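User: Hello! I'd like a close look at one part of this model, the enclosed space inside it. Could you walk me through it?

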Amino acid sequence: FFRSFFFSFLLLIRLSSNKMLRPVHSEEAPKAVGPYSQGVVYEGPVVYCSGQIALDPKTGTLVGTTAEEQAEQVLKNLGAVLAAAGSSPDKVLKTTVLLVDIGEFTAVNAVYEKFFGTHKPARATYAVAALPRGAKVEIEAIAAVSKAA
């Protein structure tokens with residue numbers, strides 16, 4: 001299975017000199033069950049964004065009491081890091097979402113989908129025992145960099 005998947009994946013890759021982003025879709029793998037892609041191919045410089053929690057950048061205090069409220073702040077923070085790196089949400093290749101309560105998946109997913117719009121980066125979501133500062137949500141990202149910061 002792995003060997004055939006690997007060769008199928010290689011056939012999907014198209015080398016490009018214009019450093020483009022291209023979603024990967026394989027009928028041989030399950031469809032995405034949310035607003036994300038099975039994979040994303042990018043050729044060029046990338047930024048690896050550390051996990052963001054819902055801290056107010058001015059006060060350093062945790063924002064929001066629900067996972068949904070915290071997800072909004074987390075994604076604002078992530079957007080700021082992306083911009084500082086010369087990237088943007090539509091250049092994100094992959095995210096990792098950490099949730100203290102996997103039951104909050106649907107609420108966080110709605111905020112996530114609003115933030116990314118029609119762009120669907122590859123994604124993994126995990127339930128974890130705890131996050132720093134008592135946060136309910138943490139999101140990290142890998143993104144293409146399209147301009148010098």
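To set the scene, what does the accessible surface of the protein come to, and what percentage of it belongs to carbon and sulfur atoms?

Analyst: Happy to help! The accessible surface (Shrake-Rupley method, 1.4 Å probe) comes to about 8700 Å², and 59% of it belongs to carbon and sulfur atoms. Please keep in mind that this is a predicted model, where local features need pLDDT of at least 70, side-chain atom pairs count only at pLDDT 80 or more, and totals for chains, interfaces and linings use all residues. Residues are numbered from 1 along each chain, and side-chain values use heavy atoms, without hydrogens and water.

The protein has three helices and six strands (DSSP runs of H or I, at least four residues, and of E, at least two). From the N terminus, their order is α-β-β-β-α-β-α-β-β. Of its 149 residues, 36% are buried (under 20% relative accessible area, 1.4 Å probe).

Now to the inside. There is one cavity of 30 Å³ or more (points on a 1 Å grid where a 1.4 Å probe fits but cannot get out). The largest cavity holds about 30 Å³ of space, as filled by probe spheres set on the points. Its lining (residues with an atom within 4 Å of a point) is made of Val97, Phe105, Val108, Asn109, Tyr112, Arg123 and Thr125. Two elements give two or more residues to this lining: helix 3 (105–116) and strand 5 (122–127). Helix 3 supplies the largest share, with four residues. By type, the lining has four nonpolar residues, two polar and one charged; here Val, Phe and Tyr count as nonpolar, Arg as charged, and Asn and Thr as polar.

Methods
On a 1 Å grid over the protein atoms alone, a cavity is a set of points where a 1.4 Å probe fits but cannot get out, and a pocket is an open set with protein on both sides within 12 Å along at least five of seven lines; lining residues have an atom within 4 Å of a point. Buried means under 20% relative accessible area, exposed over 50%, partly exposed in between (1.4 Å probe, protein chains only).
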